[in-house]
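Please look through the sequence and the model shown below, and keep both at hand while reading the paragraphs that follow.

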Amino acid sequence: MNYKALRMTTCCLASALTLAATPVIAGAAPIAGASEITNVNVTSELTSSSPASGISLALSQYLAENIISAKSVAKQTTATQTVTASEAADTAEAEQETKTEEKKKVMIVAQVDGYVNVRAHADENSKVLGKLYDDSVGTVIKEKDGWYKIKSGSVTGYVKAEYVEVATKKLLRKVGTRIATVDTETLRVRQKADADAKVIELVPGGEELTVVSEAKKNDGWVKVSVEGGEGYVSADYVVLSTEYTYAESKEEEAARLAEEEADRKAAEAAAAAAAEQSSTSSKSSSSSSSSSSKKSSSSSSSSSGGSSSSDRNYSAPSGSNGQAVANYACQFVGNPYVYGGSSLTNGADCSGFVMAVYAAFGVSLPHSSSAQRSCGYGVSIDDIQPGDIVCYSGHVGIYVGNNTIVHASSPSTGIKYTSPITYRTVLAVRRIF
């Protein structure tokens, strides 16, 4: 082979070697140690087989500068294996997190008398973080030695498995309250699931109604409970949700009790001030009222027919307790029901009636039955006392004793007494003072 041919052969070999190396190093950052010649035998053989030492030297130098050694390839392979192992670990961790998330969807319901403590660890001697009350719900995070780690409300901790029950759909329906919140200015509740059906009641915007049924046969309509009975509302004008009771943390319990105590003291002070003002006013007007009553009695005896609500004489509020509120409210039985009204004599709706009664004692309440359900502090039906506000789905009344409430019932009945108080499902009993 002549020199020219040898040069061409060497160039071809160098090109081939370059092409062989390109996929390995193309676009890659230099690897530490890649310039070292570890595969010396390859270089030596090529050098010894070349008749021209100059060409052999050039070729050796080219190989030393461009061919990635076996050691470098081994390092790359090891790095790739490490990355693959890391990716596998990440995948396994992600799968475990998915399984954990799926497990969180399992819900439990407390089935106890009163409450069960939520603890920091699966140990009866560990710190109490909060309380999970009867029929309250939580989501399971994991199980451990007869304990469930749960999240309920703002509380995450452990409860003994014997005090809770894994929730079924039936149990969740039992402990949850399905709510239809009115999403229009005035909602018509109809006798049937039909836009032309008779309207049995009007409900103001923002009110919360208890859902009785969401049957598919009543397509586009929801059956709800109101003072006038059970009726239907268009699903287009309500927002549906489910209310559950969750655990209460120690901090939340302390804050709630402090707020209730402050509300109680403020209400008692307002009621006392109202009673004192009423007593002063009645004394100053007693002489003039007695003389005017003699004149009115002589004229009324000659007139026929009963007196209207505006002609009746009403006693001013006196006292500073629930019984005083009940006594005052009872005077207005027989007066009219007026939707949106708050006049004890000329007409009020249910929440307007309660609001007006308590306003006479210096207590300001919202004109909304669902909002009044959050006023004061809650008590059980067993502990109910005169003056307590009894809350129903879209309705409220004032307890007057003897298992009876006084309330602005409906346009057809006006303000009246109703007994027993459980004639409808009681959602809450709230005590103002």
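Is Asp145 buried or exposed? In this predicted model, Asp145 is exposed, because its relative accessible area is 71%, and a value over 50% is what counts as exposed. The residue lies in the loop between strand 4 (137–144) and strand 5 (147–152), and its phi is near 50°, a positive value in a residue that is not glycine. Most residues other than glycine have a negative phi. A positive phi also appears at Asn403, where the angle is near 60°, and this residue is placed in the loop between strand 20 (395–401) and strand 21 (404–410). Asn403 is described as partly exposed because its relative accessible area is 35%, a value that falls between the limits of 20% for buried and 50% for exposed.

Another loop to inspect is the one between strand 22 (414–418) and strand 23, where Pro420 is found. The peptide bond that joins Ser419 and Pro420 is cis, with omega at about 0°. Most peptide bonds are trans.

From that loop the reader can go on to strand 23 itself, which spans residues 428–431 and is covered on both faces. Ala428 and Arg430 lie on one side of the strand, Val429 and Arg431 lie on the other, and all of these residues are buried. Strand 23 has antiparallel pairings with two strands that can be traced in turn. Strand 18 (residues 377–379) is joined to strand 23 by three bridges, and the two run antiparallel; within this pairing, Tyr377 stands opposite Arg431. Strand 19 (residues 389–392) is likewise joined to strand 23 by three bridges in the antiparallel sense, and here Cys391 stands opposite Ala428. Arg431 and Ala428 are thus residues with a partner in a neighbouring strand, and both are among the buried residues of strand 23.

A further set of strands can be followed through Thr210. Strand 8 (residues 177–182) and strand 11 (residues 208–213) run antiparallel and are joined by three bridges, with Thr210 in strand 11 as the bridge partner of Ile179. Strand 11 also pairs with strand 12 (residues 221–226), again in the antiparallel sense and over three bridges, and in strand 12 the bridge partner of Thr210 is Ser225. Thr210 therefore has a bridge partner in each of these pairings, Ile179 in the one and Ser225 in the other, given that strands are counted as paired when at least two bridges are found between them.

The helices offer a contrast in cover. Helix 8 (residues 350–359) contains Cys350, which counts as buried because its relative accessibility is 8%, and the helix is mostly covered, with nine of its 10 residues buried. Among these buried residues are Phe353, Val354, Met355 and Tyr358. The C-alpha atom of Cys350 is separated by 9.4 Å from that of Glu227, although the two residues are 123 residues apart along the chain.

Helix 5 (residues 169–175), by comparison, is the place of Lys174, which is exposed because its relative accessible area is 62%. Lys174 belongs to a positive surface patch that it forms together with Lys169, Lys170 and Arg173.

Note on methods: Residues numbered from 1 in each chain as written. Predicted model: local features only at pLDDT ≥ 70, side-chain atom pairs only at ≥ 80, totals over all residues. Heavy atoms only, no water. Buried < 20%, exposed > 50% of the residue type's maximum accessible area, 1.4 Å probe, protein only. Helix = DSSP H or I, 4+ residues; strand = E, 2+ residues; numbered from the N terminus. Patch = residues over 30% accessible without salt bridge, like charges linked within 9 Å, V, L, I, M, F, W, Y side chains within 5 Å. Areas by Shrake-Rupley, 256 points an atom, 1.4 Å probe, with all protein chains shown as cover. Salt bridge = Lys/Arg side-chain N within 4 Å of Asp/Glu carboxyl O. Lys, Arg positive; Asp, Glu negative; His and termini not counted. Charge placed at Lys NZ, Arg CZ, Asp CG, Glu CD.
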